[in-house]
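Work through the exercises below with the sequence and the 3D structure open. Try each task before reading its solution.

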Amino acid sequence: MLIWCWFTTGYKVSDDVLVIQSGPIKQKILIKDIKKIKSTKNPLSSFALSIDRLEITYSTGFGMALVSPKDKEKFASLLKESNPQIEVDLKK
């Protein structure tokens with residue numbers, strides 16, 4: 001199970017949805033619902049393979065997701081293209 005999660009954890013930005021997947025678990029977040037993206041070192045269990053993460057705050061469901069894309073700036077930029085209202089704070 002751990003190997004499955006390790007090799008299948010990823011994030012896909014398509015049209016108006018952010019898809020977060022890790023093993024058998026898949027989460028979909030509407031990009032229009034995303035309010036803020038900020039850098040964090042939050043140690044909570046998440047869909048992130050690194051402790052150097054991004055915290056995504058959104059207005060539905062649980063309301064927060066932690067991810068660790070390779071290129072944080074590009075990832076945030078892709079989301080902001082679909083929703084210019086997203087507040088981005090990538091300070092370290």
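The exercises go from the whole chain to its sheets, its core and single residues.

The model is predicted, so local features need pLDDT of at least 70 and side-chain atom pairs count only at pLDDT 80 or more, while totals for chains, interfaces and linings use all residues. Residues are numbered from 1 along each chain as its sequence is written, and side-chain values use heavy atoms, with hydrogens and water left out.

**Exercise 1. The whole chain**

Task: State how many helices and strands the chain has, and give their order.

Solution:
- Step 1. Helices (H or I, at least four residues) and strands (E, at least two) are DSSP runs, numbered from the N terminus.
- Step 2. Under this rule there are two helices and seven strands.
- Step 3. Read from the N terminus, the order is α-β-β-β-β-β-β-α-β.
- Step 4. Of the 92 residues, 39% count as buried. Buried means under 20% relative accessible area, exposed over 50%, and partly exposed in between (1.4 Å probe, protein chains only).

**Exercise 2. The sheet of three strands**

Task: Describe the order and pairing of the open sheet of three strands, and explain why strand 1 and strand 3 each have one side without a neighbour in the sheet.

Solution:
- Step 1. Two strands pair if DSSP finds at least two bridges between them.
- Step 2. The order is 1-2-3, and the pairing is antiparallel.
- Step 3. Strand 1 (10-14) and strand 3 (25-30) are at the edges with a single partner strand each, so one side of each has no neighbour in the sheet.
- Step 4. From one strand to the next, the twist averages 15°. Axes are lines fitted to C-alpha atoms, for helices over the stretch in contact, and angles run from 0 to 180 degrees between N-to-C directions.
- Step 5. Strand 2 (residues 17-22) is joined to strand 3 by six bridges. Q21 stands opposite K26 of strand 3.

**Exercise 3. The sheet of four strands**

Task: Give the strand order of the open sheet of four strands, and find the bridge partner of K36 in strand 7.

Solution:
- Step 1. The order is 6-5-4-7, with mixed pairing.
- Step 2. Strand 6 and strand 7 are the edge strands, each with a single partner, so one side of each lacks a neighbour in the sheet.
- Step 3. Strand 4 and strand 7 run parallel and are joined by three bridges.
- Step 4. The partner of K36 in strand 7 is E87.
- Step 5. Helix 2 lies across strand 4, strand 5, strand 6 and strand 7, at about 20° to strand 5. Helix 2 (residues 72-82) also lies across strand 1 and strand 2, at about 30° to strand 1.

**Exercise 4. The nonpolar core**

Task: State how many residues the largest nonpolar core has, and which elements give two or more residues to it.

Solution:
- Step 1. A nonpolar core is a set of buried Ala, Val, Leu, Ile, Met, Phe, Trp, Tyr and Cys residues joined through side-chain atoms within 4.5 Å.
- Step 2. The largest one has 15 residues, and L18, I29, I34, I37, I56, F75 and L79 have the most contacts inside it.
- Step 3. Strand 2, strand 4 (34-40), strand 5 (53-58), strand 6 (64-67) and helix 2 each give two or more residues.
- Step 4. Leaving out residues up to four places away in sequence, L79 touches V13, L18, I31, I34, I37 and I86. Contact means heavy atoms within 4.5 Å.

**Exercise 5. The aromatic pair**

Task: Classify the pair formed by Y11 and F75.

Solution:
- Step 1. Rings of Phe, Tyr and Trp (its six-membered ring) pair if their centres lie within 6.5 Å; planes under 30 degrees apart count as stacked, over 60 as edge-to-face and the rest as tilted.
- Step 2. The whole structure holds one aromatic pair.
- Step 3. The rings of Y11 and F75 are 6.0 Å apart, centre to centre, with 65° between the planes, and the pair is edge-to-face.
- Step 4. Y11 is in strand 1 and F75 in helix 2, so the pair ties together parts 64 residues apart in sequence.
- Step 5. Y11 is partly exposed at 22% relative accessible area, whereas F75 is buried at 7%.

**Exercise 6. Two loop residues**

Task: Decide whether D33 and G63 are buried or exposed.

Solution:
- Step 1. D33 lies in the loop between strand 3 and strand 4, and its relative accessible area of 11% makes it buried.
- Step 2. Not counting residues up to four places away in sequence, D33 touches T57, Y58, S59 and T60.
- Step 3. G63 lies in the loop between strand 5 and strand 6, and it counts as buried at 13% relative accessibility.
- Step 4. With the same sequence neighbours left out, G63 touches I56, T57 and Y58.
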